[in-house]
Amino acid sequence: MIDKSKGLSKAKEVYANRSHRVKELKAEGKKIIGYPCMYVPLEIITALDLISYRTCGDMAEPVTEADRALPTAFCPIMRSCLDCALKAKDDFLDGIVTTHSCDPQEKTARVWESYINYSYFHFIDMPGTLRPEALEYYRGQINDFKKSLESFAGKELSSEKVKAAIRLHNRQRALVRELYELTKPEPPLISGTEILQVVKALMSLPVAEGNELLDQVISEVKGRTDGPQKKPARLLVWSSTLDDIDIMQIFEAGANVVMDESCGGIRAYRADVKLTDDPLDGLTHYYATEITCARTFREAAFGEARKDYMADLESRFGHLKHIAKEWNADGAIFLLVRYCDPFAFEMPSLKDYFDSFGIPSTYIEYDYTQGSLAPLRTRVEAFLETIS
Amino acid sequence: MYFAGVDIGSTMTKIVLTQRDHRVLSAIKGPTGPEHRQLANEVMKMALEQANLQLDEISYVVATGYGRLNVPFADRQITELTCHARGVSSLFTNVRTAIDIGGQDAKCMKINNGKMVDFVMNDKCVAGTGRFLEIIAATLGVKVEELGDISLKSTKKLEISSFCTIFAQQEVVTRLSDGENLEDIIAGLHDALASRVAGLVRRLKIEPDVVLTGGVAKNAGIVKAMKENLGCELLIPEDPLLTGALGAAILAKEYFLKAMSEGEPSPIKARRLERAMFFR
């Protein structure tokens, strides 16, 4: 009998049956708000005593229903998300919040809205640059979202409530960072697969329960003697969304994944939301600038006649160099989801950047299906053979 | 002391048995069908007979290729990328770039001092691979091994604009009904394939010497088109199909000697030539 009080086995359970807890909460009368992307300010949802739940695709489920609504040569993750929604797999949701983090997401949001009748639907527009006027516009968008969700919840939010929610989410961010400290030893105390299960559990639970789970996991992992075996290489993985342990296990068959810079890993937890006088200022700053997704091009400076390529690379990817050094990575895998233009455009420059500080890297494309796992395994093994 | 490299590709299964100085004692090639995938043992028997060896005389077996997990008598599995790079660099000591066009993939390996340092591989679409030629040959009613010679007779440059195998097939049918000559159409197809592979290869910096391997390297029309598209000379091994299996056999020797020098108990294990009962 597995001791269910243990954090890791609980995370594994939540990962395997993600919607179990929110369905319980729904039966108790809570309202569940879905979101397909980490750019949705969850603090507003939490502050209104609503439950946020990340809608994910399902790699094992062939896309059939979404074909009537979306083109086929299109982000396979968004296709899979919409497919799951059309098959009523997320029918416990009361509403959904989407954002213009990338074009497929924006277009899918429109289709989603017209095909499925949620009680609440909101779309947050997002600028593609970090210029001051853009941030001003984005602040308006966050304010609109707050007002629209207030009207759905039937109550108004005080500044204090939003600040309390920010503290709670910041606590979660700090705990995830603490968890990633535990991959620094050699061998790491926790595997990439286990962390992915934990992070996906966090996206499936109310934030306070997620924080409890993290506390449990961290104390369990610190004291464990059955941690991962040392493998020939320590890997940094960079991707848009990495949400399936089948993929992580391919990496971990021959390496220790010590850092996952994707939105199934540390990306949404790397920084804190600043507690500003008006909490919406802190939220605006965090969601526009602190989440390092390729959807935003982080140029070093604008308005210059000639571009300094290396300065741009530092500005776009500097955090990855920092991570690679601090976690002592032997190599990096850039995992690209087919048709993900924002990430695909980064690949040649990102590889140049990693070459510049001497960490071997490779990029591998897959199409978010089980069928793409065998070619993925060959490429991962070949890369590991070159570096170890 | 003998070593075996078993390369189960998507189309062909190749086995090379070598002795310690890399001299090839036997080399067997056979089609990889749905059946043959489970029958690496049968091909191994043929290779042993040809070399007049018994299985227990083989010190170490490395399996590679798509079917590398279907070889129960292998001591180690290594990807075809590493094995090709090793095989090619044993034949051409100055190789820096190796291009392999196989039955359902195309890959390019950068090699430095005999070691693979970087690689690219096509995605799972078969455009730009041997399968493209097989399907087109069937559409045109010629044998795949005749394509090269026919295309060399071409006198007119004909653009086939589709990389996609299925679209190219449709385009070929249109060209035929337009009255174009078979040799010009095939030369156009070879150019389409070569430009697709060249695009892939250019993601890595191409440095001489450049070696071309894989079944497709036996097609003289492709070799010509590849040279034109890459703008460089290409070296081709005597048997371009065998480099993966050869590399696997050489790596088998290296792993065996390493294990021996580290004082590990002899890695020679009792093997039985059983068919793979599992399928992964």
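**Strand pairing, sheet order and chain contact in a predicted two-chain model**

In chain A, strand 1 (residues 32-35) and strand 2 run parallel and are joined by four bridges. This description rests on a predicted model. Within the pair, A:Ile32 stands opposite A:Ile51 of strand 2. Between the two strands of chain A, the path leads from strand 1 through helix 3 (residues 42-47) to strand 2, forming a right-handed β-α-β crossover. Strand 2 of chain A, which comprises residues 51-54, is covered on both faces. On one side lie A:Ile51 and A:Tyr53, on the other A:Ser52 and A:Arg54, and all of these residues are buried. A:Ile51 is thus named twice, as the residue opposite A:Ile32 and as a buried member of strand 2 of chain A.

Chain B may be considered next as a whole. Its secondary structure consists of eight helices and nine strands. The radius of gyration of chain B is 20 Å, close to the 19 Å that the globule rule gives for 280 residues, so chain B is as compact as a globular protein of that length. Its C-alpha trace spans about 70 × 40 × 30 Å along the principal axes. Of the 280 residues in chain B, 46% count as buried. Where contacts of chain B link residues at least 6 apart in sequence, 71% of them join residues at least 24 apart.

Chain B contains an open sheet of four strands, in the order 8-7-6-9 and with mixed pairing. Strand 8 (115-121) and strand 9 (210-213) of chain B each have a single partner strand and stand at the edges, so one side of each is left without a neighbour in the sheet. From one strand to the next, the twist averages 20 degrees. At the strand 9 edge, strand 6 (residues 97-101) of chain B pairs with strand 9 of chain B in the parallel sense, over four bridges. Here B:Ala98 stands opposite B:Val211 of strand 9. Helix 6 (residues 182-201) of chain B packs on this sheet and touches strand 6, strand 7 (106-112) and strand 8 of chain B. The direction of helix 6 makes about 40 degrees with that of strand 7 of chain B.

It remains to describe where the chains meet. Nine residues of chain A are in contact with 11 residues of chain B. On the chain A side, helix 14 (residues 373-387) supplies the largest share, seven residues. By character, the chain A residues that touch chain B comprise two nonpolar, three polar and four charged.

Note on methods. Residues are numbered from 1 along each chain as its sequence is written. Chains are lettered from A and ligands numbered from 1 in the order in which they are written. This is a predicted model: local features need pLDDT of at least 70, side-chain atom pairs count only at pLDDT 80 or more; totals for chains, interfaces and linings use all residues. Two residues are in contact if their C-beta atoms, placed from the backbone, lie within 7 Å. Ala, Val, Leu, Ile, Met, Phe, Trp, Tyr, Cys and Pro count as nonpolar, Asp, Glu, Lys and Arg as charged, and the others, Gly among them, as polar. The radius of gyration is taken over C-alpha atoms; the globule rule is 2.2 Å times the number of residues to the power 0.38. A residue is buried if 20 or more other C-beta atoms lie within 10 Å of its own, exposed if 12 or fewer, and partly exposed in between; C-beta atoms are placed from the backbone. Two strands pair if DSSP finds at least two bridges between them. A crossover is right-handed if, with the strands pointing away from the viewer, the path from the first strand over the helix to the second runs clockwise. Axes are lines fitted to C-alpha atoms, for helices over the stretch in contact, and angles run from 0 to 180 degrees between N-to-C directions.
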